[in-house]
Amino acid sequence: MSWSIHHVNLETRDVRATADFYATMLGMAQKDWVFPASRGYLPGDPDKLALMADGRDSHSGLHLIAPDREFAAKNGMDHNPSIGGHVAVQVPDLDAVVARLDAAGIAYSLTGEFAIPGMRHLYVEDPSGNLIEVNECLPETTAPAPVRHLALCQVRSGSEAEFAKVMAGLDALRNRLEMGPMRWGPDTSPEGLGRGYGYVFSIDFPTAAARDAYLEHPDHKALGARLVGLCEGGVEGLCVVDF
Ligand SMILES: [Fe+2]
């Protein structure tokens, strides 16, 4: 069975200071955590959760999380991965691991895709009491979202942090609206054809009606107004298309 270390998670008292330590001292890249549409109880606050990405996939690397005693209960788990740290091992066949644990009578917590897009997870203690997470990549869905909402943004220099807050606000709408996965980030195209649109975000909607409900939602309108205020020339610094 082939396996690899997917991430190491550290229980972290001061997430911001610790993330800055790894970024500054070790040169690690901080990336925004992208939540799956089937998100469980997870902190979205950068003071509670940080991803120091190593680039092998979207969430591999080092995870920093503030301890949360309610994390396990709120996710229906018997193990609490926010306390005491854990190592996450990626395997090709999680069901095979489940079968072996069942045969050995070892208790575990099995989740669906609740924390990392495209992965499901199992948490178990080894005989020495070390908590480990075991991950499996879910098969990629090939069905395209009926509506993908795509926005290109000419974010003014110095407004990047506020832009990130607006993106977090839009992502939080998924708790209240019929919204699929959201992605956002800086343009990384090597073609040099970005025409000043330095940031991009996309949201998948299962139906056009769901997209329309998002557009009409007062929280979306308020966040949209904030976004316009962060772009070069206001609305002139935005390009929005759906397909
Ligand atoms: Fe983890």
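**Note on a two-domain predicted model**

1. Strand 11 shows two faces. Y199, F201, I203 and F205 make up the covered one, while V200, S202 and D204 lie on the uncovered one. In a regular strand, side chains alternate between the two faces of the sheet. Strands here are DSSP runs of E with at least two residues, helices are runs of H or I with at least four residues, and both are numbered from the N terminus.

2. Basis of the note. The model is predicted: local features need pLDDT of at least 70, side-chain atom pairs count only at pLDDT 80 or more, and totals for chains, interfaces and linings use all residues. Residue numbers start from 1 along each chain, as its sequence is written.

3. Domains. The chain is divided into domain 1 (4-137) and domain 2 (147-242), with bounds from an automatic or database domain assignment. Their C-alpha centres lie 28 Å apart. Eight residues from domain 1 and eight residues from domain 2 make the contact; two residues are in contact if their C-beta atoms, placed from the backbone, lie within 7 Å. On the domain 1 side, the touching residues divide into five nonpolar, one polar and two charged. For that split, Ala, Val, Leu, Ile, Met, Phe, Trp, Tyr, Cys and Pro count as nonpolar, Asp, Glu, Lys and Arg as charged, and the others, Gly among them, as polar.

4. The four-stranded sheet. It is open, runs in the order 10-11-9-12 and has antiparallel pairing. Strand 10 and strand 12 (238-242) are at the edges with a single partner strand each, so one side of each has no neighbour in the sheet. The twist averages 10 degrees from one strand to the next. Axes are lines fitted to C-alpha atoms, for helices over the stretch in contact, and angles between N-to-C directions run from 0 to 180 degrees.

5. Pairings within that sheet. Two strands pair if DSSP finds at least two bridges between them. Strand 9 and strand 11 are antiparallel over seven bridges, and C153 has Y199 as its bridge partner in strand 11. Strand 10 and strand 11 pair in the antiparallel sense over five bridges; R183 stands opposite S202 in strand 11. Strand 9 and strand 12 are also antiparallel, over five bridges, with C239 in strand 12 as the bridge partner of L152.

6. The largest nonpolar core. It has 18 residues, and C153, V155, F163, M167 and M182 touch the most other members. Strand 9 (147-153), helix 4 (160-172), strand 10 (182-186), strand 11 (199-205) and helix 6 (218-230) each supply at least two residues of this core. Apart from it lies another core of 13 residues, including A19, L42, I65 and A115. A nonpolar core is a set of buried Ala, Val, Leu, Ile, Met, Phe, Trp, Tyr and Cys residues joined through C-beta atoms within 7 Å. M182 is in contact with L170, D171, R174, F201 and I203, leaving aside neighbours within four places in sequence.

7. The eight-stranded sheet. This one is open too, with the order 2-3-4-1-5-8-7-6 and mixed pairing. Strand 2 (29-31) and strand 6 (109-111) are the edge strands, each pairing on one side only. Neighbouring strands are turned by 25 degrees against each other on average, direction ignored. Strand 3 (residues 49-53) and strand 4 (residues 61-65) pair in the antiparallel sense over five bridges, and A50 stands opposite L64 in strand 4.

8. Helices on that sheet. Helix 1 packs on the sheet and touches strand 2, strand 3 and strand 4; its direction makes about 10 degrees with that of strand 3. Helix 3 (residues 94-104) also packs on the sheet, touching strand 6, strand 7 (119-125) and strand 8 (131-137), and its direction makes about 25 degrees with that of strand 7.

9. Two loop residues. T12 is in the loop between strand 1 (4-11) and helix 1 (15-26). T12 is buried because 20 other C-beta atoms lie within 10 Å. The cut-offs, with C-beta atoms placed from the backbone, are 20 or more others within 10 Å for buried, 12 or fewer for exposed, and in between for partly exposed. Neighbours within four places in sequence aside, T12 is in contact with T18, L64, I65 and A66. I83 lies in the loop between helix 2 (71-74) and strand 5 (86-90). I83 has 16 C-beta neighbours inside 10 Å, so I83 counts as partly exposed. Not counting residues up to four places away in sequence, I83 touches E11 and P67.
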